[in-house]
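Here are some notes from going through this one; have the viewer open while you read. I've kept to a handful of points.

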Amino acid sequence: MAFPGVPLMLLVGALARIPGSEGGKETPAHFLVQEKFECRFLNGTQQVRFLYRNFYDRQEYARFDSDLGKYVAVTEFGKVDVDAWNRDKQLLQYKKASVDRCRHDYEALQSNSVVGRRAKPTVTISPTKMDPTSPNTILFCTATDFYPVEIEVQWFKNGQPEKEGVAFGEELQNGDWTYQLQVMLETQPQRGDVYTCKVEHASLEAPITVQWEPRSSSSARSKLWTGIMGAVIGVAFLAVGLFSYLKSKKATPIQPPAVADDPLSRLQPVKNGG
């Protein structure tokens, strides 16, 4: 197992001699030689393996393996160099001592709380539609602020693992020894569907599960119908009240306006001759 998050690597732009250039072979105009150093640990520092890997033109051709105590050729290209390096006893002794340097680096990093550090992920689900006319919905399960980088994210639909329509993004480093990852699911949600994002990580005692239901699900529809029925009942009560009011107004007789008392109406007519 490689040391998580801390690759010990040295890149060399070019060396004085290109491997395999012996015998008057023409040197290419552009080339890249790389030397990579790796410290691999098992159970802390109980088992340490040191690899010194040699690359030419992005292809590994030879390596020193501390488990073997010597150089080995990875391709035919490196056999000449490997034979020469293995004859150099002082060089081999120096490479073998690199295991102790790996242990020293491990302890230094552990004292800085890098080795063994754990940060729990925060998990969220966010839906979106790329095309408003399409029945498909894109669900993003996002895990953020976790360490180490190894993490497992799974999508489930109604309790069953989803394989089709799943796309994994790349783990992005936040710059503070934590990472983030998005896993996408393209699907067609139906009434009653329940989607679950499950996240497993070394920092967790048990997996994190987050659920999402489409708005057209039974629970969402139930809430919608409750609101609609409440509005209908309210309108019905208003109509009944208004009808009763208008009916009572119509049943009340209209009284003629009161006439003021005329004093002349009390005068008796005068008979002739009287």
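1. Which exposed residues sit on the face of helix 1 turned away from its buried side? They are Val-80 and Arg-87. Keep in mind throughout that this is a predicted model.

2. Now the other side of helix 1, which spans residues 79-87. Its buried residues are Asp-81, Val-82 and Asn-86. Looking down the helix axis, these fall within an arc of 125°, so they line one face. As a reminder, an α-helix has 3.6 residues a turn, so residues three or four places apart point the same way. The packing partners of the buried set are strand 3 (59-65), strand 4 (70-73) and helix 2 (89-96).

3. Strand 3 is also where you'll find Glu-60. Have a look at its surroundings: Glu-60 is buried, at a relative accessible area of 11%. Its side chain makes a polar contact with the side chain of Arg-53 (2.9 Å), and another with the side chain of Arg-63 (2.9 Å). Leaving aside residues up to four places away in sequence, Glu-60 touches Arg-53, Asn-54, Phe-55, Val-74 and Thr-75.

4. Strand 11 (residues 179-187) shows a clean alternation of side chains. Tyr-179, Leu-181, Val-183, Leu-185 and Thr-187 point to one face and are buried. Gln-180, Gln-182, Met-184 and Glu-186 point to the other face and are not buried.

5. What does strand 11 pair with? Strand 6 (residues 137-146) runs antiparallel to strand 11 and is joined to it by nine bridges; Leu-139 has Leu-185 as its bridge partner there. Strand 9 (residues 166-168) pairs with strand 11 in the antiparallel sense too, over three bridges, with Ala-167 partnered by Met-184.

6. Strand 10 (residues 172-173) is another antiparallel partner of strand 11, over two bridges, and here Leu-172 is matched with Gln-180. The hairpin of strand 10 and strand 11 has five residues between the strands. Check Gly-175 in that hairpin, which takes a positive phi near 95°.

7. On confidence: the mean pLDDT of the protein chain is 79, with 66% of residues reaching 70 or more. Among the elements, strand 12 (residues 195-201) has the highest mean pLDDT (97) and helix 4 (residues 218-251) the lowest (63). Over residues 1-18 the pLDDT is below 50, and this stretch has 44 contacts in the model beyond near neighbours in sequence.

Notes:
Residues are numbered from 1 along each chain as its sequence is written. This is a predicted model: local features need pLDDT of at least 70, side-chain atom pairs count only at pLDDT 80 or more; totals for chains, interfaces and linings use all residues. Side-chain values use heavy atoms; hydrogens and water are left out. Buried means under 20% relative accessible area, exposed over 50%, partly exposed in between (1.4 Å probe, protein chains only). Helices (H or I, at least four residues) and strands (E, at least two) are DSSP runs, numbered from the N terminus. The arc is that of the directions from the helix axis to the C-beta atoms. Contact means heavy atoms within 4.5 Å. A polar contact is a pair of N or O atoms within 3.5 Å; within protein, one must be able to donate a hydrogen and the other to accept it, and residues adjacent in sequence count only if both atoms are side-chain atoms. pLDDT is the predictor's confidence in each residue, from 0 to 100. Two strands pair if DSSP finds at least two bridges between them.
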